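Here are some notes to read alongside the model. Take them one at a time and find each spot on screen as you go.

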Amino acid sequence: MRFSTLLLHAIPATAAVTPKAYASSSDGVYKLSQYYAPVKGSGTPGSNSTWKLTIDDTASGHKQTIKGFGAAVTDATVAVFNALPAAKRSTLLNELMTSAGANFAMMRHTIASSDLSADPSYSYDDAGGKPDPSFTSFNLGDRGNAMATMLAQMKALQPGLTVVGSPWSPPAWMKLNRVLQGTTVNNNLDHTYVSQFAQYFVKYIQAYQAKGVNIDAITIQNEPLNSNAGFPTMYIYADESGNLIQQNIGPALRNAGLNTAVWAWDHNTDVPSYPQTVLNTASQYTSAVAWHCYAPNNNWGVLTDFHNSNPGTEQYMTECWTSEDAPTPWYQAADFTMGPLQNWASGVMAWTLGTDENDGPHLAGNGPCAQCTGLVVTNAAAGTYRYRVDYYMMAQFSRFIPKGAVVLSGTGSYSYSSSSGLESVATLNPDGTRTVVIENKFANPVYVTVDTKSGETWSGLVYTNSVVTWVLPAAGAV
Ligand SMILES: *[C@@H]1O[C@H](CO)[C@@H](O)[C@H](O)[C@H]1NC(C)=O
C-alpha cells in the first residue's frame with residue numbers, strides 16, 4: 001500500500017524541473033514570449049500590487065480532463081489558407097497544429113455551408129432541390145473535398161486531433177420549406193425524411209473517413225433555436241432533437257459501425273433546459289453538451305450547474321466569435337477560454353480560425369456574420385498571414401495544456417463589473433508538471449502568489465493586461 005502510494009507520486013524522469021513563464025499582452029509587447037519565471041516562496045513583490053491564488057493539486061482537486069483547444073474550420077478558413085503560397089500555408093499549419101505555435105488539438109468544422117462560406121450556399125446532397133432519398137447525388141463537392149483535405153493535413157501534424165462536425169442546414173429537400181436559406185417559415189426538418197437525415201451524417205462521416213479524417217463527434221444542428229432567413233439554418237425543438245438522436249441518428253451511426261460521438265445543443269448558455277431534455281431522451285447516444293457564448297446574459301456558471309446535475313457528461317465551449325471590425329476586447333478569447341475551463345469544459349473553440357482582411361469570404365446579405373474575424377487573417381495578394389491578439393490569448397492555454405491534462409480546483413479568481421480583475425485556471429499535466437494560466441485585466445502589473453495544496457508556494461509578476469502562463473515542475477520536484 002505504502003509502496004504503491006510512492007509509485008503514484010513518483011516524478012516522471014522527463015518532467016521539467018525549471019519553472020517557466022510565458023506571456024502574451026494586449027499591447028503586443030509579448031507574444032507567447034518568455035517572461036519572468038515564478039520563484040519558489042513568496043518572492044519580492046516590491047511595490048507591485050499583489051494577489052493570492054490557491055490551487056488544489058492533490059487528488060481531491062482533480063476536475064475535468066482536457067481534450068483540446070482550437071477553432072472553427074469554415075469554408076472561409078479553407079479558401080483563404082489555400083490561397084496562400086504552399087510554403088506559407090505549410091508553415092502556418094505547422095504553427096497552428098504543433099508546439100511550434102498554438103498546438104491546437106481540437107477543431108470544429110462546418111458540414112457544408114455556414115454563413116462563413118462564399119456564395120452560393122450548398123449541402124452535400126443538393127440534387128437540384130429535388131428529394132434524393134437514396135442519396136444518388138451525394139458528394140462533398142469541391143469545397144467539401146478541400147475541407148476534408150485540410151483537416152487531414154491538420155491531423156497529420158497533430159495525430160491526436162479531435163474533429164467535431166456541425167451542419168448549419170441539412171439538404172434543402174429534407175426540410176419542410178425545401179430551401180437552405182431564404183425563409184424562416186417551416187424552417188424545420190420534414191419528418192418524412194428522418195431516416196435520411198440520420199443517414200446524411202453517416203454518409204458525411206464515411207466520406208471524410210475515406211479522405212483520412214476521423215470525425216470524433218457531431219452536433220446535429222448548429223444553434224438549433226436560431227432560425228434565420230439570411231443563411232442556412234434549421235429550427236429543431238428540444239424533444240425533437242432528443243428523439244432524432246435516440247431513434248434515428250444514434251442507431252444509424254452504430255449500425256454503420258461508427259463510434260462518432262453526438263454532442264447535444266450547440267447553442268447559448270441561457271437555455272440549459274434544452275440539452276437537459278436531449279440528455280433525458282437520448283443519454284445512450286449523447287456523451288457531451290456543446291455551448292456558445294452569445295446569450296445576452298452569458299454565464300459560464302451554467303456549465304457548473306449542468307455538471308452538478310449531470311456529472312458524467314462532458315462539456316465543451318464550441319463557439320465564440322472574435323472581431324476586428326466590431327472590435328471585441330483584447331481579453332475576448334482569454335475570457336471565453338478561462339470561463340468554460342473554470343466551469344468543467346473539456347475544450348474550447350473560437351469562431352473562427354481564418355478569414356481574409358474583409359472578414360470573409362462570407363455569404364452575401366444581412367444575415368451572415370460580416371464582422372467575424374479569424375484568429376489568423378490572410379492577405380492573398382501579398383501571400384501573407386498574421387496572427388491576431390485572440391490567437392495569442394488562446395495559445396497561452398493550448399500550447400501549454402496538453403490533451404489529457406486534468407483541471408485543478410482553485411480559488412482567488414475575481415472579475416469586477418468594470419471588466420478588470422484577475423482570473424486563473426490550473427492543470428496537472430500528464431508528465432506531472434503543472435500549468436497555471438493567469439489572466440490579468442488590470443492596467444497594471446500584479447505580483448501573484450499561488451499556494452498549492454501539495455504544500456508549495458510560487459510567486460511571480462504578471463504583466464499589465466496580459467495572460468501569463470506558468471509551467472511549474474511536478475509537485476515536490478524542486
Ligand atoms: C515588480 O516586480 C518585478 C519582478 O519581481 C520587479 O522587477 C519590479 O521591480 C517590481 N516593481 C516595483 C515597482 O516594485
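1. Let's begin with the ligand's surroundings, keeping in mind that this is a predicted model. The shell around the ligand breaks down into 3 nonpolar residues, 4 polar ones and no charged ones. Who are they? The ligand is surrounded by Tyr36, Thr44, Gly46, Ser47, Asn48, Tyr447 and Leu461.

2. Next, the domain labels. The UniProt record, an unreviewed entry, places "Glycosyl hydrolase family 30 TIM-barrel" at residues 66-401. In the model, that stretch is 33% helix and 17% strand, and its end C-alpha atoms are 8 Å apart. The record also places "Glycosyl hydrolase family 30 beta sandwich" at residues 417-469. There the chain is 0% helix and 60% strand, with end C-alpha atoms 24 Å apart.

3. Now have a look at helix 4, residues 141-157. Its 17 residues reach 25 Å from the first C-alpha to the last, close to the 24 Å expected at 1.5 Å a residue. Buried in helix 4 are Gly144, Met147, Ala148, Met150, Leu151 and Met154. These buried residues cover an arc of only 165 degrees around the axis, so they sit on the same side of helix 4. If that pattern seems odd, remember that an α-helix has 3.6 residues a turn, so residues three or four places apart point the same way.

4. What does the buried side of helix 4 pack against? Its partners include strand 6 (68-73), helix 2 (75-82), helix 3 (86-97) and helix 5 (194-210). Turn the model round and you'll find the exposed residues Asp142 and Ala156 on the face directed away from the buried side.

5. Helix 5 can be checked for length too. Its 17 residues should span 24 Å at 1.5 Å a residue, and the end C-alpha atoms are 25 Å apart, which agrees. Among its buried residues are Phe197, Tyr200, Phe201, Tyr204 and Tyr208. The cover over the buried residues of helix 5 includes strand 7, helix 4, strand 8, strand 9 (217-218) and helix 6 (238-255).

6. Just past that helix, lysine 211 lies in the loop between helix 5 and strand 9. Is lysine 211 buried or partly exposed? With 14 other C-beta atoms within 10 Å, it counts as partly exposed, because being buried would take 20 or more. Leaving aside neighbours within four places in sequence, lysine 211 is in contact with Ala148, Thr149 and Ala152. The C-alpha atoms of lysine 211 and asparagine 145 are separated by 8.1 Å, although the two are 66 residues apart along the chain. Glycine 212, which follows helix 5, has a positive phi near 90 degrees.

7. Finally, some backbone spots to check. Most residues other than glycine have a negative phi, and most peptide bonds are trans. Where are the exceptions here? Tryptophan 265, in strand 10 (residues 261-268), has a positive phi near 80 degrees. With 32 C-beta neighbours inside 10 Å, tryptophan 265 counts as buried. Asparagine 465 also has a positive phi, about 40 degrees, but asparagine 465 is partly exposed, with 18 other C-beta atoms within 10 Å. As for cis peptide bonds, one joins tryptophan 351 and threonine 352, with omega about 15 degrees. Another joins glycine 360 and proline 361, with omega about 0 degrees; proline 361 is in the loop between strand 14 and strand 15 (376-379).

Notes
Residues are numbered from 1 along each chain as its sequence is written. This is a predicted model: local features need pLDDT of at least 70, side-chain atom pairs count only at pLDDT 80 or more; totals for chains, interfaces and linings use all residues. UniProt positions are given in the numbering used here, feature names are shortened, and annotations may be inferred rather than shown by experiment. Helices (H or I, at least four residues) and strands (E, at least two) are DSSP runs, numbered from the N terminus. A residue is near a molecule or strand if its C-beta atom, placed from the backbone, lies within 6 Å of it. Ala, Val, Leu, Ile, Met, Phe, Trp, Tyr, Cys and Pro count as nonpolar, Asp, Glu, Lys and Arg as charged, and the others, Gly among them, as polar. The expected span of a helix is 1.5 Å times one less than its number of residues. A residue is buried if 20 or more other C-beta atoms lie within 10 Å of its own, exposed if 12 or fewer, and partly exposed in between; C-beta atoms are placed from the backbone. The arc is that of the directions from the helix axis to the C-beta atoms. Two residues are in contact if their C-beta atoms, placed from the backbone, lie within 7 Å.
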